[in-house]
Structures are given as C-alpha cells and as structure tokens.
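Let's take a stroll through a protein model together. Keep the 3D view open while you read.

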Amino acid sequence: MSEIIKNGVIHEDDWTVVRLADGEDAATAELPAGRVIVPLAVWLARREALGAQAEAGVLGVWLAGTEDPAALADDLLRLQLIAVDFPKFADGRGYSIATLLRARHGYGGELRAVGEVLRDQFFFLTRCGFDALQPAAGRYTPEQLKIALESFRDFAEPYQGAVDRAEPLFRRLARKVAA
Amino acid sequence: MYQYDEYDQRIVDERVAQFRDQTQRYLAGELGEDEYRPLRLQNGLYIQRYAPMLRIAVPYGNLRAEQVRMLGHIARTYDRGYGHFTTRQNMQFNWPKLEDVPEILAQLATVQMHAIQTSGNCIRNVTSDPFAGVAADEEIDPRPWCEIVRQWSTFHPEFAFLPRKFKIAVNGAKEDRAVIQVHDIGLDLKRNAEGKIGFRVLVGGGLGRTPIIGEEISSFVPWQDILSYCEAILRVYNLNGRRDNAYKARIKILVKALGIDAFRSQVEAEFAHLKDGPATLTAEEVHRVADHFVDPSYETLPASDAGYTAQLAANKAFAAWARRNVRAHKQPGYASVVLSLKKPGIAPGDITADQLDSVAALADAFSFGEVRVTHEQNLVLADVRQSDLFAAWEGARKAGLATPNIGLLTDIIACPGGDFCALANAKSIPIANAIQARFDDLDYLHDIGEIEINISGCMNACGHHHVGHIGVLGVDKNGQEWYQVSIGGDQGNDTSLGKVIGPSFAADEMPDVVSSLVQTYTTNRHDDERFIDTVRRVGAEPFKTQVYADREERKQAHV
Ligand code: HEM
Ligand code: SF4
C-alpha cells in the first residue's frame with residue numbers, strides 16, 4: 001500500500017501500475033492480481049476481455065506522453081481510472097494530455113498522475129484536471145506528504161483558465177478598469 | 001506603464017513564498033539537485049562559472065524609476081555593485097548568493113518585479129519594441145498586448161514544462177524593433193482591410209545552434225482569438241516537440257520537420273476547439289490593460305524647440321550626441337533619448353548601482369519616471385521634452401551614459417561569454433572592448449555610419465551574432481579561443497542570417513578583421529549606403545578577399 005493524494009486528501013492506495021518489460025507482448029502479458037492500471041497497449045489489445053474489470057472499477061489504463069488520448073475516446077464512460085505517466089517530472093506532455101481528456105473528451109472519472117510526480121507540480125497538475133496524484137513510491141515520507149498538501153494553495157487566483165477553472169481571471173472577477 | 005492590482009501583486013508575493021520554500025527544501029536536502037534545477041531555472045536562477053546568476057524579468061523592457069532604484073539597491077547589497085542588461089531586455093546579476101535569492105525576490109516584489117519565467121523550459125518573459133507608444137512609425141501600441149500575453153503565460157499550468165524554452169515577441173510599428181522573425185512566436189500587430197485589429201503570426205524562428213527565420217502561420221488572427229491561437233500552437237508543440245535531444249527540441253525544429261503547412265493544419269485543428277472558448281479576450285479586459293498605457297500628460301509644444309536648436313549649433317559634443325542618441329518622437333516638442341551602455345572598455349550592457357540611481361533620477365526629472373531597456377542592451381528615456389535634452393545630456397554625461405555611439409560600430413551587442421558563462425567557448429567582452437578601442441575616433445565612427453556588431457561566446461547565440469551585420473562567434477579549437485566571423489546578418493524587417501566569411505581568427509586579430517571589413521565597405525559604398533546594404537549589393541566576396549589578404553600581409557610583415 002502506498003499513499004496518494006486524491007482530491008486534496010491523503011489516501012491509502014492499492015492500485016498497481018503495470019509496466020511492460022522490453023519485448024513483452026501487450027496481448028499476452030500476465031497481469032498481477034488486484035487493482036491494476038495497465039498500459040494503453042494492453043487495453044487496446046484486450047478491450048473485450050478486460051472491459052468488465054474496467055467497469056467494475058478494478059482496472060484502469062495509463063497513457064504515456066507519446067500517446068494520444070483520443071485512442072480512449074470510445075471508452076471514457078467505461079473507464080473509472082485513467083492515469084498519465086510522467087517519466088521525468090520535467091516532461092510536460094502529461095499536462096496537455098490531461099487537459100485534452102477533461103476539456104476535449106469530457107472524461108469524468110479519476111485522472112491520476114503517476115511516475116515522477118513531485119509536490120512542486122501539484123498545483124499545475126490539479127489545474128490541468130488531475131484529481132489523483134501519486135508520487136513515486138518512497139519519494140515522500142507520510143509527514144512530508146502531509147506538508148506537501150500546502151502546495152495546492154501556492155497561488156490563489158491564477159491568471160489564465162485551465163481545466164479546474166476554465167474562466168481566466170478577467171472573466172472570473174471584475175478587475176477594475178483604471179479611471 | 002502597467003501597475004499591478006491586488007491580483008497581480010498577490011501572484012508575485014505567492015511566488016516569493018513558494019520559491020523561498022523550494023530553496024529551503026533544497027538547502028535542507030529534501031529536494032534533489034535535479035529536482036531543484038528546473039524550479040530555480042523557472043525563476044531565472046542559473047548556476048554559473050563563479051556564482052549563481054539571477055535573471056530578473058523586465059517585461060517588454062519597461063521599468064519605472066523606483067524599480068531602477070531597486071535594481072541599484074540589489075546590485076549594491078547582494079552583488080558586486082553592478083548588473084547587466086541582456087538582449088532579451090532583462091537584468092542579470094552575476095554574483096548573488098543562492099541563500100540570498102529568496103530575499104532579493106521579496107524585495108523586488110515590493111516594486112512589482114520578479115524573476116518569473118526568465119529561464120527554463122517555459123514561456124519566457126515577453127519582449128517588444130523599446131520605443132512602443134512613442135515611435136512615429138507605430139501603428140498599434142504593443143504594450144497592452146505584451147501585458148496580456150504576460151499574464152496569460154505566467155504560471156500557465158499546461159506549458160510550464162515544455163520541451164524547450166519558448167520566446168514570444170510583439171511588434172506594432174512599421175519597422176520591427178522586436179526581432180519577431182527570430183522568436184518562437186512573433187506577433188505583428190496590424191489592422192485588416194476592415195480596420196479591425198489582429199496579429200500576423202510568425203512561428204518557428206530562433207537563433208542558437210540552428211538559426212531559422214520564422215514563417216507565417218497566419219496572416220491575421222483577430223485580437224479576440226490571440227490567446228486561444230497561441231494556446232493551440234503551444235499545445236501542438238508541447239505534445240509533438242522533440243524531447244530526446246535538447247538541441248532539436250525547439251519549435252523551429254518541429255515546424256521545419258513537418259513543414260509550415262502541415263504544422264499549420266495541426267494548429268488550426270486545435271484552434272477550432274478553442275475558438276470562442278473562455279480564453280477569448282474581452283473588450284473590457286483589453287481596455288483595462290490598455291488604460292495603463294495611455295500617453296503621459298504631454299504638454300502642447302512647438303514641433304521644434306528654439307533653445308534646443310541653439311544648443312545644437314553652439315555645442316559640438318552635444319550635437320554629436322543628439323545626432324546618434326536622440327530619436328524623433330510622435331509628440332511635437334518631445335524626443336526619445338538612448339542612454340548608451342556601450343562606453344568603450346565597459347562590458348556591453350553593464351551598469352553600476354550608481355548609474356542605475358542616476359538613470360532613475362534622469363527618468364524622474366525628464367521622462368515621467370519611466371525607462372525602457374533595448375534589445376541592443378541600452379536604456380531609453382522615451383518622453384523627453386526637447387527643451388530638456390541639454391540638461392538630460394549633461395546628467396547622462398556625468399553618469400557616463402552619454403557615449404554618442406547608438407547604432408554605430410562601438411554599440412556592440414555582446415553576451416557575457418567566457419568571463420561569466422559556464423557554456424562559453426570563448427570570451428566576448430574583451431573582443432568587444434578591443435574593437436571599441438580600435439575605433440576610438442568619433443569622427444571616423446560617425447563617418448562609418450550605422451553598423452551592428454554582435455558577439456556570442458558560443459553557438460547558443462545569446463549575443464545574436466547571426467543577425468549582426470558583422471557577427472562574431474566564439475569557437476573552441478583544440479582548447480583555444482577562436483572567433484568565426486560572419487557578415488550580412490540583419491535584424492528588423494529584412495531579418496537575415498549572416499554568412500561565415502572563412503576560417504576563424506585569433507582574439508588579437510579581431511580589431512584588424514573589423515578594420516578590413518570596414519575598409520572594404522568604405523571603398524565600395526555608394527553615398528549614404530549602410531554597411532549591410534553594401535554587403536547585400538556587392539556580395540560577401542570582396543569582403544572575404546580583403547580580410548584574408550590583409551591577414552596574409554600582416555603575417556608576412558611579422559616574419
Ligand atoms: C550567463 C549565463 C547564460 C547562459 C547559461 C545562457 C544559456 C543559453 C543557452 C543554453 C541558449 C541556447 C538555447 C537554444 O536556442 O537552444 C541561449 C540562447 C540565448 N540566450 Fe542565453 N545564456 C546566458 C546569458 C544570456 C545573456 C546575458 C543574454 C543576453 C545578452 C542571453 C540571451 C539569449 C538569447 C537572445 C538567446 C538566443 C535564443 C534564440 O532566440 O534562439 N543569454 N542561452
Ligand atoms: S552565447 Fe554562449 S557564451 Fe554567450 S552567454 Fe550564451 S551560452 Fe554563454
């Protein structure tokens with residue numbers, strides 16, 4: 001069990017992110033027991049077989065930075081968890097992928113950031129539509145994670161719109177026109 | 001000038017708190033070196049040759065006197081008494097202590113300044129025309145649009161970790177003084193046939209290792225859509241830009257790889273989803289921002305001041321300065337003054353704390369308390385009454401800021417090079433100084449006329465050598481510092497990239513090389529023809545031939 005942050009609150013979490021080994025076949029790779037987040041390739045290869053698990057909320061799908069979220073467009077109502085992988089925390093493709101899933105495709109289930117997830121990203125990740133943040137195992141002590149929750153409040157009124165608040169500051173609030 | 005409201009101020013204050021915490025966690029070992037790096041870079045903090053380097057944002061080059069004084073205070077208190085203005089209109093300090101940076105930022109925040117996004121792989125500080133609002137050839141004032149772009153891009157959550165840095169420049173005059181053709185996005189303000197305001201959008205320009213001139217992606221994006229359009233460009237880039245190789249990660253490489261037409265289709269497809277969405281600008285917001293940039297309370301004055309004319313006739317030194325450093329103004333009886341940071345022997349762009357104070361005082365006395373930073377690393381007092389020019393000159397002279405060389409050969413652009421920069425192949429500053437020393441005769445300098453020399457210490461091109469009429473690039477040959485020379489580069493409407501003239505030179509040859517180039521020019525030029533125009537007319541050949549022939553002759557003379 002590891003700890004993740006969901007909707008700003010720390011939770012115990014038992015999902016396993018499945019990563020294929022080099023050369024492993026998505027169609028046949030063995031999946032561990034319990035709740036799993038599988039690579040997109042696995043899902044696309046075994047959609048029929050895995051569909052019921054997804055609908056039951058015990059199977060999610062993760063996307064790599066190179067993968068187009070449109071590949072899941074037909075599955076968004078069935079999937080209760082989609083994750084986006086951050087292979088390095090400075091690899092920012094996941095922000096655009098999350099934005100597209102939420103704002104373009106209307107995905108409403110859990111959207112989880114996995115991989116190299118740092119507290120210094122929490123604010124940006126949340127703004128782009130992630131509601132679940134899973135730092136790499138062991139990255140933070142429970143105490144540090146608790147303190148990390150403060151990062152959500154780094155900026156109270158950001159300028160531009162994003163997934164969490166679609167309207168930019170100039171539409172949210174009446175900023176005074178100078179006399 | 002733009003004044004923060006409570007929301008702007010709060011964001012900057014929150015940033016100070018956030019960065020203070022990040023730095024504390026780094027110093028406590030809780031945040032690793034690799035983790036801290038991108039965070040500090042997005043706050044303009046490099047680790048350089050001698051010390052950290054802090055780059056402070058001067059959005060589109062606009063400063064108020066109190067801000068200039070604050071920069072002076074920081075130079076004096078936390079640095080070695082001077083700072084450096086860059087080609088991106090920012091200020092750099094070369095010697096701050098890492099532990100002091102949060103406090104420096106806190107002090108900057110008290111005068112509405114910060115170091116947000118002055119480095120790192122995010123949307124950088126937006127740049128523009130230093131004569132915005134006062135230039136006679138201006139069609140639309142770019143400053144409000146710069147400020148709108150600044151706000152939109154500040155902590156944009158989707159674009160904080162791009163494949164590479166991203167630079168946006170805005171121009172609104174007939175003459176492009178923002179070098180928009182060598183930016184990731186260049187925005188050219190214009191009116192369409194119906195008189196509506198919008199932007200011609202260029203994309204994929206940039207210098208560095210692979211210099212490329214931007215291409216037109218749209219001939220007209222209505223102003224309401226400009227943020228959505230930029231968002232579409234950024235999203236396509238964020239998702240598709242290369243991340244495997246830092247040298248190939250800029251948008252220019254993506255645009256070239258796809259071709260502008262395919263790139264445009266992707267952007268248009270993205271934009272179709274965003275158009276008329278919440279990012280669409282409102283007239284209220286544009287007015288709110290534009291109201292910060294109304295003209296100062298100009299007096300009604302005759303087009304030309306009699307006292308000024310008399311002083312010009314009476315004082316040769318003043319006249320020489322006025323000829324180079326004073327620019328025409330849209331408002332009768334006013335002028336813009338360029339304060340030269342190119343005094344021979346000083347690193348181009350360097351300014352001392354005392355000089356910063358003098359600049360603030362001059363701005364308060366003569367220019368409504370405002371100062372601009374130019375891309376050429378000089379400063380501008382934009383709104384000086386002609387009747388005050390003499391007093392402004394005397395003040396500038398006392399401060400060592402009245403070198404009458406704007407646009408001339410000694411007004412050299414140079415990056416900090418090997419004296420400060422850890423990436424350098426060679427020094428830049430001593431080369432600039434040696435050239436300045438060679439051309440110390442003012443009459444000759446004026447006779448040579450407009451010529452731009454740009455020097456970079458390595459191919460990152462911070463000194464914009466590709467777009468210098470004469471470009472000088474520091475290269476490493478077997479561990480020694482050499483200099484490659486190009487000619488024919490230009491910035492502005494006819495932006496072009498210079499061509500290398502041949503094998504590179506040793507440092508001590510550089511003044512001779514420039515002399516040979518100038519010689520060739522003066523023997524070939526037509527009346528009133530600028531260096532660059534002669535190069536364009538006669539081609540590079542005569543220049544090359546002369547430079548290497550002279551070099552051969554010098555060698556013979558030495559044996
Ligand atoms: C001393 C510390 C500095 C470092 C470490 C540094 C680093 C870099 C690097 C790595 C690039 C290449 C980016 C690329 O195009 O791939 C670059 C480009 C550039 N830098 Fe700097 N730089 C420094 C100082 C400066 C200064 C002092 C200036 C202005 C005088 C400056 C202005 C620029 C400009 C204009 C470019 C060209 C980028 C383009 O348009 O393509 N930098 N710098
Ligand atoms: S051009 Fe090279 S040497 Fe000069 S500042 Fe940039 S990175 Fe440093």
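Below are notes on the sheets, domains, contacts and one ligand site of this predicted model.

## The sheet in chain A

Start with chain A, where eight strands make an open sheet with mixed pairing. Walking across the sheet, you meet the strands of chain A in the order β2-β1-β8-β7-β6-β5-β4-β3. Because β2 (9-13) and β3 (16-17) of chain A each have a single partner strand, they stand at the edges, with one side of each left without a neighbour in the sheet.

A helix joins the picture here: α3 (residues 93-104) of chain A packs on the sheet. Helix α3 of chain A touches β5 (59-63), β6 (81-86) and β7 (110-115) of chain A, and its direction makes about 160 degrees with that of β6(A). Back at the edge, β1 (residues 2-6) of chain A pairs with β2(A) in the antiparallel sense, over five bridges. In this pair, you'll find A:Ile4 opposite A:His11 of β2(A).

What holds such strands side by side? In general, strands of a sheet pair through backbone hydrogen bonds, in either a parallel or an antiparallel way.

## A sheet in chain B

Now hop over to chain B, where five strands form an open sheet in the order β1-β2-β5-β4-β13, with antiparallel pairing. Its edge strands are β1 (45-47) and β13 (350-352) of chain B, each pairing on one side only. On average, neighbouring strands of this sheet are turned by 30 degrees against each other, direction ignored.

Zoom in on β4 (residues 82-85) of chain B: three bridges join this strand to β13(B), and the two run antiparallel. Here B:His84 stands opposite B:Asp350 in β13(B).

## Domains of chain B

Chain B splits into domain 1 (6-110), domain 2 (127-291), domain 3 (306-399) and domain 4 (413-558). Between domain 2 and domain 4 of chain B, the C-alpha centres are 32 Å apart. Each of these two domains of chain B puts 12 residues into the contact.

Together, domain 2 and domain 4 of chain B bury about 1100 Å², 65% of it on carbon and sulfur atoms. On the domain 2 side, B:Val179, B:Gln181 and B:Leu207 lose the most area to domain 4 of chain B, together 39% of what that side buries.

## Where the chains meet

How many residues does each chain bring to the contact? Chain A brings 39 residues and chain B brings 48. The area buried between chain A and chain B is about 3900 Å², with carbon and sulfur atoms giving 58% of it. In chain A, A:Phe155, A:Tyr159 and A:Arg175 lose the most area to chain B, together 18% of what that side buries.

## Around ligand 2

Last stop: ligand 2, with residues of chain B around it, including B:Cys415, B:Cys421, B:Cys458 and B:Cys462. The shell around ligand 2 divides into eight nonpolar residues, four polar ones and no charged ones.

Conventions
Residues are numbered from 1 along each chain as its sequence is written. Chains are lettered from A and ligands numbered from 1 in the order in which they are written. This is a predicted model: local features need pLDDT of at least 70, side-chain atom pairs count only at pLDDT 80 or more; totals for chains, interfaces and linings use all residues. Side-chain values use heavy atoms; hydrogens and water are left out. A residue is near a molecule or strand if one of its heavy atoms lies within 4 Å of it. Ala, Val, Leu, Ile, Met, Phe, Trp, Tyr, Cys and Pro count as nonpolar, Asp, Glu, Lys and Arg as charged, and the others, Gly among them, as polar. Two strands pair if DSSP finds at least two bridges between them. Helices (H or I, at least four residues) and strands (E, at least two) are DSSP runs, numbered from the N terminus. Contact means heavy atoms within 4.5 Å. Axes are lines fitted to C-alpha atoms, for helices over the stretch in contact, and angles run from 0 to 180 degrees between N-to-C directions. Domain bounds come from an automatic or database domain assignment. Buried area is the accessible area (1.4 Å probe) that two parts lose on being put together, summed over both.
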